[in-house]
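User: I'm new to reading protein models. Could you walk me through this one, feature by feature?

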Amino acid sequence: MGNLYSEYLSPSKVPEHYNYTKETPVTETPSRQVASVLIIILCCAIVLENLLVLIAVARNSKFHSAMYLFLGNLAASDLLAGVAFIANTLLSGPFTLRLTPVQWFAREGSAFITLSASVFSLLAIAIERQVAIAKVKLYGSDKSCRMLLLIAASWLISVVLGGLPILGWNCLGHLEACSTVLPLYAKPYVLCVVTIFSVILSAIVALYIRIYCVVRSSQADVAGQQTLALLKTVTIVLGVFIVCWLPAFSILLLDYACPVRACPILYKAHYFFAFATLNSLLNPVIYTWRSRDLRREVLRPLQCWRRAAGGQGRRDGTPGHRLLPLRSSSSLERGTHMPTSPTFLEGNTMV
């Protein structure tokens, strides 16, 4: 075991594993350079978008309910996923061969941790929506403690899952067991990650099917346009999640099944993972943009800029614009105290 961990600082281990699993050396081709630039731009958009959501949730006490706290956790995980993927991209290409194993594990592990946390956050939101629609009083007087424990548990599981390779579940010293996509990861670990994510996806699908069944069985006064709005949101959520993650899951399963150097498509796996990162970009759109109040709060920095521009215009002799205060219209807040079934409105639906 001591010999295994001493290899973590060896500068020759990463080139050894890449030379064994790759047919060609890691080079920075023009197409790869263009892809790297596009990925960095995409990740900057992910960071900015989710940062705006976090600011909106943090500064408005109205958004300190269970749903919005889980939403803030999702935004935090997606923001960190964007940061991790920027670092991963900058440390890829020829720079990869200059990394020690511990640096390589930190590079890949950080991306795994943040993307795992994003997936677990999606699951937590699905559970919260099921609880809210079923009108189950899950959160009592100690609701803050329970929510924080659930959020902490999701991050703890993500850290453990992403940290298993650096703790010893890797293929250092066992080249024949190495993954082609991630040459220092053991194939059984890759299969384990894919299995866990697949189970989470199945759980999310099951929860939203359950939500759909509950709405379909509701009274007629809430089963018309409201049902269609809910169904539309569910379709978007599941469709985007599957579209973004299925290619990455498929390439990892193929990696587990293929012998070394037998599947050339595995050498293009970074494109599949970049596509999966789109989920972190689209999550705020799906889970927050359909809430009118949160959308207004996210756009408030732009309104502040307009207010500042209006003030400058008045000083320059140009009439400014007076901004009206935003009014609350969120069905999430109003529906909390209604004795009837939950109400879903097209503009405010959050699932």
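Analyst: Sure! Let's start with confidence, since this is a predicted model. Among the elements of the chain, helix 2 (residues 13-21) has the highest mean pLDDT, 90, while helix 12 (residues 331-335) has the lowest, 41. For the chain as a whole the mean pLDDT is 78, and 75% of the residues reach 70 or more.

User: Over which residues does pLDDT stay under 50?

Analyst: Where pLDDT is low, the predicted coordinates should not be read in detail. Here that applies to residues 320-351, where pLDDT stays under 50. The model does have 78 contacts beyond four places in sequence for that stretch.

User: Okay. How many helices and strands are there in the chain?

Analyst: You'll find 12 helices and 0 strands. Reading from the N terminus, the elements run α-α-α-α-α-α-α-α-α-α-α-α. Of the contacts between residues at least 6 apart in sequence, 81% join residues at least 24 apart.

User: What about the inside? Which residues have the most contacts in the largest nonpolar core?

Analyst: The general idea first: in soluble globular proteins, nonpolar side chains tend to be buried together. In this chain of 351 residues, 47% count as buried. The largest nonpolar core has 71 residues, and Trp104, Tyr185, Ile204, Trp245 and Leu294 have the most contacts inside it. Helix 7 (residues 187-216) gives this core its largest share, 12 residues. As for Trp245, its contacts further than four places away in sequence are Leu115, Val119, Phe197, Ala276 and Asn279.

User: How are the rings of phenylalanine 105 and tyrosine 185 placed?

Analyst: A pair of aromatic rings is described by the distance of the centres and the angle of the planes. The count here comes to 11 aromatic pairs. For phenylalanine 105 and tyrosine 185, the ring centres are 6.2 Å apart and the planes are at 5 degrees, so this pair is stacked. Phenylalanine 105 sits in helix 5 (residues 101-133) and tyrosine 185 in the loop between helix 6 (143-167) and helix 7, so the pair ties together parts that are 80 residues apart in sequence.

User: Are those two residues buried or exposed?

Analyst: Phenylalanine 105 is buried, with a relative accessible area of 3%, and tyrosine 185 is buried too, at 0%. Both belong to one aromatic cluster, along with Tyr8, Trp104, Phe112, Trp169 and Tyr189.

User: Now a polar residue. What does the side chain of asparagine 50 reach?

Analyst: Asparagine 50 lies in helix 3 (residues 30-59). Its relative accessible area is 1%, so asparagine 50 counts as buried. The side chain of asparagine 50 reaches the backbone oxygen of serine 280 at 3.4 Å. Leaving out residues up to four places away in sequence, asparagine 50 touches Ala75, Asp78, Leu79, Ser280 and Pro284.

User: And what is the phi of arginine 261?

Analyst: Most residues other than glycine have a negative phi, and most peptide bonds are trans. Arginine 261 is not a glycine, yet its phi is positive, about 65 degrees. You'll find arginine 261 in the loop between helix 8 (225-257) and helix 9 (269-287). With a relative accessibility of 37%, arginine 261 counts as partly exposed.

User: One more! How far apart are isoleucine 211 and arginine 129 in sequence and in space?

Analyst: They are 82 residues apart in sequence and 7.9 Å apart in space, C-alpha to C-alpha. Isoleucine 211 is in helix 7 and counts as buried, at 0% relative accessibility.

How values were computed: Residues numbered from 1 in each chain as written. Heavy atoms only, no water. Helix = DSSP H or I, 4+ residues; strand = E, 2+ residues; numbered from the N terminus. Buried < 20%, exposed > 50% of the residue type's maximum accessible area, 1.4 Å probe, protein only. Polar contact = N/O pair within 3.5 Å; in protein donor to acceptor, adjacent residues only side chain to side chain. Contact = heavy atoms within 4.5 Å. Core = buried A, V, L, I, M, F, W, Y, C linked by side-chain atoms within 4.5 Å. pLDDT = per-residue confidence, 0-100. Phe/Tyr/Trp six-rings, centres within 6.5 Å; stacked < 30°, edge-to-face > 60°.
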